[in-house]
Amino acid sequence: MEITGEMPIKKFINNLESLSGRERTILRHNAESSIVPTGGDALTIFYKVLPYKIAPDEEELWFVAAMIRFYSRCSIPGIHEANNNDFGWTLRKIRNGDSFDQRVRALLDCRYQKGDRVLADRLRHMVKLAEIKQVGINWPVFTMDLLHWEDPERSTQKKWARSYYGGQTGVF
């Protein structure tokens, strides 16, 4: 899968942030769906915000990013595009014990297959926890990382693990 550059991601995030409350709600209500069974309202909104010329085989991950973004109901202050913290950093900030470490390991072990909701469900749950604890998410970095999820070198998983586990001792 060819991954698009930083500019389409910033445009995508800006497009998402400019949506009305009603449009955000529609996307949030589709957070548990894949792109295939999603209704016309959500598809219309999604294709309205999706940057032009995104390859069809990339659309599902962009869809996951859009749906998860609005599972977090608001943009949490403290994380801005200039801040390069990744989702591993967010996970470290919301860590609450050994059972959470197990959930992070399960997320990092997760593979993505088109139409499979396991990765999206795990991410959605973690985003919800971040919102509850009011820990910010850098959405452009999150989206870029998600688009690289199936990189053969597992670059996203390594980066998130480094951010999450870095400096911790005795976590296994």
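# A tour of an all-helix predicted model

Start in the core. Select F12, L16, F87, L91, L123 and F142: among the 48 residues of the largest nonpolar core, these touch the most other members. Now color helix α4, residues 59–69; this helix gives the core its largest share, 8 residues. Nonpolar side chains in soluble globular proteins tend to be buried together. Keep in mind that this is a predicted model.

**Zoom out: the whole chain**

Show the cartoon. The chain has 9 helices and 0 strands. Read from the N terminus, the order of elements is α-α-α-α-α-α-α-α-α. Switch on the surface next. The accessible surface is about 8,700 Å², and carbon and sulfur atoms account for 50% of that. Of the 172 residues, 49% count as buried. Contacts reach far along the sequence: taking those between residues at least 6 apart, 74% join residues at least 24 apart.

**Color by confidence**

The average pLDDT of the chain is 82, and 80% of the residues score at least 70. Select residues 76–82. Here the pLDDT is below 50, although the stretch has 16 contacts in the model beyond near neighbours in sequence. Where pLDDT is low, predicted coordinates should not be read in detail.

**Stop at L16**

Return to the core and center on L16. Which residues does L16 contact, leaving aside its neighbours within four places in sequence? They are R24, L27, V49, A66, R69 and F70.

**Select α5, residues 87–94**

Is this helix mostly covered or mostly open? Helix α5 is mostly covered, with 6 of its 8 residues buried. Show F87, G88, W89, T90, L91 and I94 as sticks; these are the buried ones. F87 and L91 are already familiar, as they are among the core residues that touch the most other members.

Now bring up the surroundings. The cover over the buried residues of α5 includes α6 (98–109), α7 (118–132), α8 (139–147) and α9 (155–165). Then step back to D86, at the N-terminal end. D86 caps α5 there: one of its side-chain oxygens lies 2.8 Å from the backbone nitrogen of G88.

**Select α9, residues 155–165**

In this helix, T156, Q157, W160, S163, Y164 and Y165 are buried. What covers them? The cover includes α5, α6, α7 and α8. The relation with α5 runs both ways: α9 is also part of what covers the buried residues of α5.

**Select W149**

Move to the loop between α8 and α9, where W149 sits. W149 counts as buried because its relative accessibility is 0%, under the 20% cut-off. Show its contacts. Beyond four places in sequence, W149 touches L107, C110, R111, Y112, L119, T156, Q157 and W160. Three of these, T156, Q157 and W160, are among the buried residues of α9. Add a distance from W149 to Y112: their C-alpha atoms are 7.2 Å apart, although the two residues are 37 apart along the chain.

**Follow the charges**

Side chains of opposite charge can pair when their charged atoms come close. The structure holds 8 salt bridges. Visit these in turn.

- **R95 and D101.** The closest N and O atoms of this salt bridge are 2.7 Å apart. Is D101 buried or exposed? D101 is buried, at 0% relative accessibility. R95 is partly exposed, at 29%.
- **D121 and R124.** Their side chains form a salt bridge, 2.8 Å from N to O. Both residues lie in α7, 3 residues apart, about one turn of the helix. An α-helix has 3.6 residues a turn, so residues three or four places apart point the same way. D121 is partly exposed, with a relative accessible area of 30%. R124 counts as buried, at 11% relative accessibility.
- **D145 and K159.** These side chains meet in a salt bridge, 2.6 Å from N to O. The pair links distant parts of the chain: K159 is in α9 and D145 in α8, 14 residues apart. K159 is partly exposed, with a relative accessible area of 27%. D145 is buried, with a relative accessible area of 4%.

For the last stop, select E17, R24 and R69. Salt bridges that share partners join these residues into one network. R24 and R69 lead back to the core, as both are in contact with L16.

Key: Residues are numbered from 1 along each chain as its sequence is written. Side-chain values use heavy atoms; hydrogens and water are left out. Buried means under 20% relative accessible area, exposed over 50%, partly exposed in between (1.4 Å probe, protein chains only). Helices (H or I, at least four residues) and strands (E, at least two) are DSSP runs, numbered from the N terminus. Contact means heavy atoms within 4.5 Å. A polar contact is a pair of N or O atoms within 3.5 Å; within protein, one must be able to donate a hydrogen and the other to accept it, and residues adjacent in sequence count only if both atoms are side-chain atoms. A nonpolar core is a set of buried Ala, Val, Leu, Ile, Met, Phe, Trp, Tyr and Cys residues joined through side-chain atoms within 4.5 Å. Accessible areas come from the Shrake-Rupley method with a 1.4 Å probe; for residues, only the protein chains shown count as cover. A salt bridge is a side-chain nitrogen of Lys or Arg within 4 Å of a carboxyl oxygen of Asp or Glu. pLDDT is the predictor's confidence in each residue, from 0 to 100.
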